[in-house]
Structures are given as C-alpha cells and as structure tokens.
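Here are some friendly notes to read alongside the model. Please keep the structure open and follow the points one at a time.

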There are 2 protein chains.
Amino acid sequence: MKITIKDVARISGVSVGTVSKVINGKPVSEKIRSKVIETIHELNYKPNQHARSLITNKSYTIGLIVTNITNPFFGEIVSHIKEDLEQKGYNLLLGISRDQSSEEKVTIENFVSRHVDGLIIVPTRDGEHELEHIYKLRQQKIPFVFITSQYLGIRADCVMSDFTKGSYQLTSHLLDNENKEIYFLTDSKELLLSSKRIDGYRMAYMERGITYKENWIIETLPNFESAYKTTEGIINNQIPDAIMTINDVMAMGVIKCLKDNGIKVPEDVSVAGYDDLLFSSMFDPPLTTVKQPIEEMCKETVDILIKRLQGYDKEFNVHLYPSELIIRESTK
Amino acid sequence: MKITIKDVARISGVSVGTVSKVINGKPVSEKIRSKVIETIHELNYKPNQHARSLITNKSYTIGLIVTNITNPFFGEIVSHIKEDLEQKGYNLLLGISRDQSSEEKVTIENFVSRHVDGLIIVPTRDGEHELEHIYKLRQQKIPFVFITSQYLGIRADCVMSDFTKGSYQLTSHLLDNENKEIYFLTDSKELLLSSKRIDGYRMAYMERGITYKENWIIETLPNFESAYKTTEGIINNQIPDAIMTINDVMAMGVIKCLKDNGIKVPEDVSVAGYDDLLFSSMFDPPLTTVKQPIEEMCKETVDILIKRLQGYDKEFNVHLYPSELIIRESTK
DNA sequence: CAACAAAAATGAAACGTTTCATTTTTGGTC
DNA sequence: GACCAAAAATGAAACGTTTCATTTTTGTTG
C-alpha cells in the first residue's frame, strides 16, 4: 500500500495543504511542522515526484547528451557533471549521440517529452547544418548549455577551453625545441574545434617568422586507426620533426605507427596530443599534451544552467577556459 | 501554450478517452485513428509523461548505478546498456556510487522516489555488509539486476563473466609458456571478483602439479598507482617470471614500474591484465588479457530486467558468461 | 474582554493523463 | 426496416500533489 500525503495529513491531524507546506519549506507553525515531520519519518513517506511534476512543471532532471562515453575524456565530463548536478538536487538523464546530429535530435525530443528542466549538450560533428531541434528548444524556453564546443548557428551559453591558445602554446613549445617541421592531424577543418586549433598553430609559426606548409595540416578522422594510417602516409614521403594531433588517442595512434616502423619517439619524431587523458601519462612514452580544466568547466556549465533555470535571461555567453601545456616525454 | 490531449480531442472531434486509446495502441476504428494521428502531428502534440506516470505508476525509466564511469570498462557498459534500453523504449537515469555502499544507498533511494521502473547495479567493493537498501528494493517489488559482480547476501539476478575460468585460462597460458613463478595482484580476497579469480589461478597450478606460494597472491587496491608500488616491493626481493593482475589498468601500472626499473616486458617478466580495455591493445607492449563479452552481457542484463518488469517472477539466476583469452605481446 | 489585524490552516480546484462502466453506433439477420 | 449482439466511443473518476481563495486561530491593543 502506497503512503500518500493524505495519510500523513490524516495521521498528523492536519490538512493536506499543510503537509504540502511542510514538505516545501513554506511557513508553518513550529508545533505543526515538527509533528508532521515526525509522522513523515514514522510512515517513511516519500512524495510522488510525478504528481509534483505534473503541477509544477519541474522534474528536477537534467538531460546530458555526450557524443561517446567510451572515451574517458567524456567519462570524466559525465562524472563531474553528475556530481555537480547531484549536489544541487538534480538528477541526470543520460543521452548518447554517437556524434550524429540525427541521434542528438531524437534524444532531445525524447528528453523534452520527459520534461527535463534543462539540457547540457556536447555538440556533434555534423550538427552545424541541422539546428532545427535546437531552435525549437529555445522557442520552448528550455534552457541548454553547450560544453566542449558549440554550434555557430545559434547564440547560446557555451563552456569550452581556448583551443587557439592551447594549440598556440603547444606549437610554440615544439618550435622552440628544434621541431621546425610540424605536421598537424586535425578533424574536418570546418569544425570549430579544428579551425580554432589551426589558428593557434599558424600564429605560433608566424610570430616566429618560420614558414610552414598548408599541406602539413591534414584532415582525418579523430581516432586511433585513422591517425595510424595517416601517419603511415606521412612517413612514406618524409620524416617530419614532429606530429601534433587534436586528441590523445590520435597521438597514441601516431606513436604506435612510428614505433612499428622503427622510428623512435621522441628522438626521431616528437609527438603531442590534446586532452590529457588518464592514460596519457601511463603511455609509453608519456604524452606531451594540453590539459583542459574539465572539472572547473563542468562546474561552470552546471552553474550557468541552474541560473537559467531560475530565470536568468541576460545575454548568452561563451566561457573560454585557459588550458595547460603538459610537457612529458613524447616530445624533445 | 501547452497542447494537451484535450486539444487533440477537440480538434479531432472525438473524446479524450479515444485519443488516449490511439496513443496507447488500443483498438479504435481506422477512420478515427488516422484522423487523430493527423491532428497529433498537426499540433505536434506530445503526451505529458508525468501525467501518464502518475496513473500507470510506470516511468519508463531505468536507474543504472556504476561505480566509476571514468574507467572505460564501465564507460562501455553504460554505453551498451543505454543503447539496449533505448531500443526498448526506456530512459536511463545515471547514478555513480564511487564504489561506496553509502552512495549506492542514497542513489537508490533517490531513484525510487523518482519512480524508476527498475535498476541495474554494478556492486560496490564494500556493499556486502550493508544490504538493507537492497532488501527494501526487493520488498517494494522494484526489479533489479546486478552486472559484473554480485552481493552474496541476497538472491538476485546477476550477469557476470566466469572469473574462475578466465583466470584459469590465463594462468594456464602463462604456465604452459615457461612462466612458473607467477605473482597475482588482486583486490581484497573477500571480494567475489578476487576470490573467484584466485580459485582459477590455483586450479591451473594444481592441475599441472606445479607448486605456488600463497604469498605470491598479493592484495592491493585495483588501480595504477597501487599496482606500481606493489610491483616495486616485489622486484626489490626477486624478479618473478610473470605478474598477473585483476584489471588492465593495474597491469599498466606493473609494466610502467618494470620499465622504469630497466626490466623488459615480456623478455624478463611477463605481465597480463584483465578486461581488455580499448587502450590495452594500444599499450606498449600490447596487453595479454582476458576479454569479457560486455556487449552480450549488457544485452542479457537489460533483457532480464525487462522480463522482470513484465511480471516474470521465477527464481533468480546467476548468468555466467565465458570470457576470452586475448594473447598479445606482454607475455612470453 | 471586545475588536481587529496578522498569521496560520483549510479544502477544493487544477495539473494531464488512463481506465472503465456506460452509452452509442455499426452491421448482420430475419 | 426492426432487432440484436458486437464493436466503438464516451465521459467521469482517479492518480497524488500544489496552489490559492477562504476560513479559523492567534495575539495585540485599548
């Protein structure tokens, strides 16, 4: 038998409305409050969230959509966001987009019909071209914030790290340590997360008056195998001083390929990644990389979202976090 | 302005009850069905899930509690379970226990008040001693199934791999390839996931009539750093033929320590892990390990849970999956 | 202790569905 | 076309809360 608010009211000898007030922390005389709280414990009463949500139109649930949870980088994001949300009394409904806009769309629609109060979204690779479902979100006044990257087609809150600066620092470090000819393996140049980093790469070269070739910048899929194959292609032609990638898993692919071909890292070729995964420090050699302040970024993301939920409706902002150059042993 | 079932009814010119039938796929004349569906699309009507859940007492939401989502092994589990659940029309509320029974308890209570239909739980390390909240779940008739491991204190559905056999196979492989003195780094021996594997380890030795020393089996925390430190302790005394661990991250810690001390893997010491993480094949050297059929296990877990949700109440079972020995280059 | 304002408590409506007992429609048969 | 059973549609109650207009209690003042 389910215990409802009516039972609590009856046994406490007060009205249903009064019990509701106690539950929601509204003013009630101290005598009655303690009496009600006592019976709540006694009966082990838990309010039915569906009934509450039906009236208040709040679910105290946030939808988080990540592209791929198998990558520990996103695992960390989920972990931190979950923790921050929990601390604020919100639950976390998880969505996985597999980096496809179509799945992002379906997930969002589902979440909306599930009445999430807000959304945190890691943008997909191909999402820029199909933003209808995001516009609809805005139109329905459901707050959302992007983390890690953003869609340029819509003004929105966004928390990301300063890719340009991170890339600039990394490239500078390489150039200043006798790596003049640096290949750069990126994702599609159309994507913000590529283009911003390419900007940083170029800046470092220009600032030093060193020339680079545009064909050193190579588009490829951002995974281990593609990085491996692309590296094979590069070393067939010539051995560069260094190879940079846009994430650590790619850097691992590069290193594996070099090793398999008898090329030493970092003696023959320096290799650098991006993200600073847990595994990157365990790798052989430990990876030089750029660390994004994920924990802080997640915290801010949640803070912004909660503020929006509370009605804050000032202009949308992009929050850029500085990232940190981590120098380990994969670069000379 | 929110579109409700009343609007659909009014515009379609039918009663609310009829629209409800259409939505829930109950028998309705074809003419009316198509008319109603048309207006549903026209108005872009989405049923309010809270109102539905309030009556049906179903939320079409499953709570999944993992110990730590930063480990890609669990990332994969979450990913697969999410996919299977989605396919069956269920949503996934995520919980993280940080391997602590107390947090598991809080999460479960929260999920219950959120009316999850069922739960999938990865047991914590210290959960065996405090099972009250699990008993309560049973008492409230909320179905749950364990994955990866189980609590012995309660009969329940459980999907796990055959650790004994996996360990046996791995140990056998080592013994049959000139590794006679095998150290085994495990988690607390009290834990099922340790004790089962130790059984397999011993079986392999006994079967071959080879003697091992009980002090080769060493308890430690199941992470990189602890494995590293423990390995330092071992090699200070003597260099064994091989070191086995209960997960791949630990094996990586062992290898790192050996390398740092100028000991070659596998030439001087063989090292083997367990889990076959994505990174294990990329590691240097690529890890010999045991792969659990995660994908199938997740599928079965979801299947069992759904069956329970549908009222199946036959005896609880432990489903043991065979695991696969993956021989790579970290063992001779 | 009467009068009154302020504070506290009440109880019914409302939220948006599903369910089910009741009514209406359909279509087959004589 | 009258009759009837079966099929379809209806409409009101119910789910467990919150909200808010109304009533009751409390406490202060002259």
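**The DNA-facing surface and the chain pair**

1. The surface near DNA strand D is made of twelve nonpolar, ten polar and four charged residues. Here Ala, Val, Leu, Ile, Met, Phe, Trp, Tyr, Cys and Pro count as nonpolar, Asp, Glu, Lys and Arg as charged, and the others, Gly among them, as polar. "Near" asks for a heavy atom of the residue within 4 Å of the strand.

2. Before going on, a word on the source: this is a predicted model, in which local features need pLDDT of at least 70 and side-chain atom pairs count only at pLDDT 80 or more, while totals for chains, interfaces and linings use all residues. Residues are numbered from 1 along each chain as its sequence is written, chains are lettered from A and ligands numbered from 1 in the order in which they are written, and side-chain values use heavy atoms, leaving out hydrogens and water.

3. Which residues come nearest to DNA strand D? Of the 26 around the strand, they are A:S20, A:I55, B:T18, B:S29 and B:I32. On the DNA side, sugar and phosphate make up 64% of the strand D atoms that come within 4 Å of the protein.

4. Look next at the phosphates. The side chains of A:K26 and A:Y45 each place an N or O atom 3.0 Å from a phosphate oxygen of DNA strand D. A:N48 uses a backbone N or O atom instead, 3.2 Å from a phosphate oxygen of the strand. Among the elements, α4(A) gives the most to this surface, with five residues; helices are DSSP runs (H or I, at least four residues), numbered from the N terminus.

5. Now turn to the protein partners. In chain B, 50 residues are in contact (heavy atoms within 4.5 Å) with 50 residues of chain A. B:H50, B:R114 and B:M282 supply 16% of the area that chain B buries against chain A, more than any other three residues. Buried area is the accessible area (1.4 Å probe) that two parts lose on being put together, summed over both; for chains B and A it is about 4,500 Å², with 59% on carbon and sulfur atoms.

6. How many salt bridges cross this interface? The rule finds four, taking a side-chain nitrogen of Lys or Arg within 4 Å of a carboxyl oxygen of Asp or Glu. A salt bridge joins the side chains of A:R98 and B:E83, at 3.3 Å from N to O.

7. Finally, a turn of 180° and a shift of 0.1 Å along the axis lay chain B on chain A with an RMSD of 0.2 Å, superposed by least squares on C-alpha atoms of residues with pLDDT of at least 70 in both. That is the relation of a two-fold axis.

Key:
Polar contact = N/O pair within 3.5 Å; in protein donor to acceptor, adjacent residues only side chain to side chain. Helix = DSSP H or I, 4+ residues; strand = E, 2+ residues; numbered from the N terminus.
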